Amino acid sequence: MTTINDVARAAGVSPATVSRVFNGGRVTPERAERVRRAAARLGFAPNRVAQSLRKQRGSVIGLVIPDIENPFFTSLARGVEDAAQRTNLSVVLCNTDEDVDKERRYLDVAVAEQMAGVIVAAASRTRTDLSALAARGMPAVAVDRRPRGALVDAVLVDNRHGGEAATEHLLERGYRRIACITGPQGASTSEERLAGYLDVLREAPGHGEERARAYTRYADFRVEGGRSAMAALLAMDEPPDAVFVANNLMTVGALQVLAEAGRTPPGFGVLTFGDVPWAPLVRPSLTTVELPSYELGRAAADLLLERVAGTSKPLQTVVLRTSLRVRDSTAGPADPVLTPPLGAPAPA
């Protein structure tokens with residue numbers, strides 16, 4: 001009986017390429033034609049029952065994300081879906097709520113259902129475990145966040161650069177007591193955005209890392225976390241005159257507290273990481289670090305589809321840049337006369 005290996009030798013290709021030809025995978029027209037001619041010459045006929053079962057199992061990819069209510073992940077999911085539809089793959093959406101146990105259960109389901117592959121925005125940099133996928137040879141791509149030690153392709157954002165650009169902008173606009181509300185400790189996006197903020201203030205005259213950390217609060221990437229962190233900052237003996245908030249949902253909570261306290265932008269500067277459709281519509285309009293969320297999803301899906309098709313390329317890491325969209329919420333402090341200029345000693 002002629003086997004797939006016989007066809008591969010006759011066509012001068014790998015058995016994986018023969019498999020892709022008969023299972024609808026990505027193969028150049030020239031190679032596909034060589035395989036079909038060799039198969040016809042040798043009388044090779046694929047097992048149609050097994051082929052049908054493989055196609056059913058391999059027609060779905062999983063997308064595991066922390067919070068579908070966050071507009072950033074909504075846009076990212078759309079990018080994944082649009083890319084997957086080009087190859088007639090369906091996407092199953094799994095929402096982890098930043099819960100590692102819930103994430104693990106979804107990954108177990110992906111393995112049990114023999115999905116074609118999985119795209120994961122990790123719930124934790126240190127505790128997310130993709131080893132079950134690797135053990136089964138299931139392709140996986142990390143998006144937005146890469147779990148520590150995971151040997152997978154990744155599509156990331158240059159979060160540190162975005163944090164630097166945000167903090168530099170607030171300094172340039174005259175704000176001097178700049179706070180940072182970042183996400184959970186240990187989440188790579190939280191730590192990288194905070195690192196950019198600290199990089200700038202560490203070197204800025206009159207600031208320094210100790211002072212910057214005093215104005216730093218960790219929260220949970222959700223509205224209530226932003227409320228709690230902003231309330232704590234306003235309760236300081238010397239409250240900030242501006243805040244860099246490391247995601248859009250926490251910014252909503254921070255703005256609520258500022259409005260209740262009568263401290264509104266631009267007198268109190270507000271800059272958010274991650275644009276949202278309503279940012280230009282609120283008054284004053286919000287200055288944002290724009291994230292290429294749709295492009296992240298699409299690029300992650302493209303990498304996964306290459307792995308599903310059998311590519312043997314070395315692991316890839318794609319890094320997309322942010323951009324600063326300046327609007328009215330950072331026009332300058334309410335009373336710049338009372339704010340010490342750059343280079344002056346930090347307040348006692």
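**Loops, sheet and aromatic pairs**

Reader: Where is the place of Pro284?

Author: Happy to start there, with the reminder that this is a predicted model. The peptide bond leading from Arg283 into Pro284 is cis, with omega near -5°. Along the chain, Pro284 sits in the loop between β9 and β10 (287-290).

Reader: Pro265 and Pro266 are joined by a peptide bond too; is it cis or trans, and what is its omega?

Author: Let's place it before naming the angle. Pro266 belongs to the loop between α12 (248-261) and β9. Most peptide bonds are trans. The bond from Pro265 to Pro266 is cis, and its omega is near 0°.

Reader: Which order do the six strands of the open sheet follow?

Author: The pairing in this sheet is parallel. Read across the open sheet, the order of the six strands is β2-β1-β3-β4-β5-β11.

Reader: Why is one side of β2 and of β11 left without a neighbour in the sheet?

Author: Strands of a sheet pair through backbone hydrogen bonds. Here β2 (90-95) and β11 (317-320) each have a single partner strand, so one side of each has no neighbour in the sheet. The reason is their position, at the edges.

Reader: By how many degrees are neighbouring strands of this sheet turned against each other on average?

Author: The figure ignores strand direction. Taken that way, the average turn between neighbours in this sheet is 15°.

Reader: Which helix packs on the sheet, touching β1, β3, β4, β5 and β11?

Author: The helix you want covers residues 293-308, and its direction makes about 170° with that of β5. Its contacts include β3 (117-120), β4 (140-143) and β5 (153-157). This is helix α13.

Reader: How many bridges join β1 to β2?

Author: Strand β1 covers residues 60-65 and runs parallel to β2. You can find Val60 opposite Ser90, and Gly62 opposite Val92. On the other strand, β3, Val120 is the bridge partner of Val64. Between β1 and β2, the number of bridges is six.

Reader: How many residues of β1 are buried?

Author: Here a residue counts as buried under 20% relative accessible area. Strand β1 is largely enclosed by the rest of the structure, because the buried share of its six residues is five.

Reader: Which helix does the chain cross through from β1 to β2?

Author: This is a β-α-β crossover, and it is right-handed. The helix on the way spans residues 71-85 and is α5.

Reader: How many aromatic pairs does the count come to?

Author: One of them is formed by Phe72 and Phe73, edge-to-face at 4.9 Å centre to centre with 75° between the planes, and both residues are buried. Another is formed by Phe244 and Phe273, tilted, at 6.1 Å and 50°. The count comes to two.

Reader: How many residues apart in sequence are the parts that Phe244 and Phe273 tie together?

Author: Both partners are buried, Phe244 at 0% relative accessible area and Phe273 at 1%. Phe244 lies in β8 (242-245) and Phe273 in β9 (269-273), so the pair links parts whose separation in residues is 29.

Reader: Is Asp144 buried or exposed?

Author: Most residues other than glycine have a negative phi. Asp144 has a positive one, about 70°, and Glu98 has one near 60°. Glu98, in the loop between β2 and α6 (100-112), is partly exposed at 22%. Asp144, in the loop between β4 and β5, has 3% relative accessibility, under the 20% cut-off, so Asp144 counts as buried.

Methods. Residues are numbered from 1 along each chain as its sequence is written. This is a predicted model: local features need pLDDT of at least 70, side-chain atom pairs count only at pLDDT 80 or more; totals for chains, interfaces and linings use all residues. Side-chain values use heavy atoms; hydrogens and water are left out. Two strands pair if DSSP finds at least two bridges between them. Helices (H or I, at least four residues) and strands (E, at least two) are DSSP runs, numbered from the N terminus. Axes are lines fitted to C-alpha atoms, for helices over the stretch in contact, and angles run from 0 to 180 degrees between N-to-C directions. Contact means heavy atoms within 4.5 Å. Rings of Phe, Tyr and Trp (its six-membered ring) pair if their centres lie within 6.5 Å; planes under 30 degrees apart count as stacked, over 60 as edge-to-face and the rest as tilted. Buried means under 20% relative accessible area, exposed over 50%, partly exposed in between (1.4 Å probe, protein chains only). A crossover is right-handed if, with the strands pointing away from the viewer, the path from the first strand over the helix to the second runs clockwise.
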